Amino acid sequence: MFDLINIARDRVDGYEAFRTPALIRTAAGRLLCAYEAYDNVDDAVCPPTIRGRGCDAILLRGSDDLGNTWSDAVSIDISAHSDTLRYGSPSFIYDQVTGRIFLMTALFTEVGFRESAASTDVGQPDVLHLAVSTSDDEGLTWRSSVITAQVTGGRGWRARVAAPGHGIQLSRGMFSGRLIQPAVILDAEGRSRFTAICSDDHGTTWWAGDPVGDNAVSCGIVELSDGRLLLRGLSRLGDSTAMVAYSRDGGRTWEDPIVRESSIWEIESDAVEPAFPAAPDGTPQAQIMIRPRMVQYPDRTRAGFLSVSLDNQQHFGAELLVSEVSTLWPDLASIPEYRVLTRVFQGPKGIEFQRVPFAALGIDEYALGWLNSREVQDTWLQENGLVQVPKVSTETVARR
């Protein structure tokens with residue numbers, strides 16, 4: 001099993017509860033984790049697309065040594081809307097070109113997602129707004145603005161929320177450089193749907209693509225090695241439903257979604273992560289994706305798993321048991337130059353951080369000497385106790 005490093009402990013670290021973490025790694029190698037903080041545990045219902053009314057603060061911690069130590073938690077000043085009472089659903093985007101960090105959050109005044117009015121007026125109290133905070137100094141300082149009107153346009157949407165976790169920057173084809181934030185909107189007819197919030201000018205302006213799907217809860221978007229985008233969405237249609245859809249125009253439109261019902265005991269995740277984010281086109285590394293999943297057993301105990309696809313998510317292999325606790329809202333950041341995957345998730349006692357070596361995932365051979373010498377990689381893994389970890393498949397689930 002892999003050690004957990006606690007980032008925020010419920011009822012200990014200044015708040016009653018912590019929820020929905022987001023994780024990003026900068027070009028300088030810094031890890032940043034943002035998460036929701038609640039004064040009252042009864043308010044800690046997330047994501048906002050179900051029935052949440054927001055948190056009391058968005059907190060941030062950073063690590064400059066790949067997660068061994070973390071800075072003190074600070075509250076991000078999201079002062080873009082003076083009437084804001086609460087916040088929610090933090091999600092990062094990192095611009096590899098400018099080094100700028102974006103953090104999207106929902107702004108709550110008097111209403112939640114379902115009750116929001118069809119308006120973009122920042123002075124109207126019954127509207128759920130969307131803000132983007134920007135940092136140019138590795139997360140030390142932030143400035144914020146409301147982008148509700150930009151992403152809504154004239155479509156009459158009643159609410160828009162960034163999906164928890166992180167967005168992406170496209171690196172292939174004619175849309176290279178585009179920033180994309182997975183999101184859920186409430187349209188004029190009251191349907192919650194998936195969409196992509198995009199910027200083609202490094203975050204100066206934002207727009208949203210066409211929505212897709214229905215009964216949306218949360219989603220994630222990943223760029224495939226052939227330039228297509230794959231959206232994985234979580235829906236509520238009686239039982240939980242997993243949905244995938246493809247885009248060939250950088251998130252502006254989506255093909256007809258493919259829907260798959262999932263068992264109540266299997267909670268799909270939308271947080272799929274490329275194992276090699278900067279891998280050149282045509283290489284095996286460019287097609288390797290990592291997906292988390294949580295299983296709830298009949299006795300209501302839970303466990304977290306990771307699985308790997310070597311073919312752009314067409315097939316996933318045997319799963320690796322990585323934690324025997326609840327792992328809600330996981331977010332992943334791959335660090336191939338040290339042959340390790342990092343992840344954060346909402347555990348039973350707060351926000352947890354974990355490192356999983358590529359060797360345990362069966363992809364170590366692809367990363368030997370990747371961006372670092374093998375000697376440097378091996379030394380770091382040994383110093384951090386991340387060598388010779390046994391692999392456990394989902395046969396464990398069937399036996400338990």
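Visitor: Over which ring does the charged end of Arg 291 sit?
Guide: This is a predicted model, so take the geometry as computed. The charged end of Arg 291 lies 4.0 Å from the centre of a ring. That ring belongs to Phe 316.

Visitor: And how far is the charged end of Arg 293 from the centre of the ring of Phe 305?
Guide: Here, too, the charge sits over the ring. A charge has to be within 6 Å of the ring centre for that label. For Arg 293 and Phe 305 the distance is given as 6.0 Å.

Visitor: On to ring pairs: are Tyr 15 and Phe 18 stacked, tilted or edge-to-face?
Guide: Their centres are 6.0 Å apart, with 70 degrees between the planes. Planes over 60 degrees apart get the last of your three labels, so Tyr 15 and Phe 18 are edge-to-face.

Visitor: Is Phe 18 buried or exposed?
Guide: The cut-off for buried is under 20% relative accessible area. Phe 18 comes in at 0%, so Phe 18 is buried.

Visitor: What about Tyr 15: buried, exposed or partly exposed?
Guide: Tyr 15 has a relative accessible area of 22%. Because that falls between the 20% and 50% cut-offs, Tyr 15 is partly exposed.

Visitor: Which residues form one aromatic cluster with Tyr 15?
Guide: Phe 18 pairs edge-to-face with Tyr 15. Phe 18 also makes an edge-to-face pair with Tyr 35, at 5.7 Å and 75 degrees. That second pair links strand β2, which holds Phe 18, to strand β3, which holds Tyr 35, 17 residues apart. The cluster partners of Tyr 15 are therefore Phe 18 and Tyr 35.

Definitions and conventions. Residues are numbered from 1 along each chain as its sequence is written. This is a predicted model: local features need pLDDT of at least 70, side-chain atom pairs count only at pLDDT 80 or more; totals for chains, interfaces and linings use all residues. Side-chain values use heavy atoms; hydrogens and water are left out. Rings of Phe, Tyr and Trp (its six-membered ring) pair if their centres lie within 6.5 Å; planes under 30 degrees apart count as stacked, over 60 as edge-to-face and the rest as tilted. Buried means under 20% relative accessible area, exposed over 50%, partly exposed in between (1.4 Å probe, protein chains only). Helices (H or I, at least four residues) and strands (E, at least two) are DSSP runs, numbered from the N terminus. A charge sits over a ring if NZ of Lys or CZ of Arg is within 6 Å of the ring centre and within 35 degrees of the ring normal.
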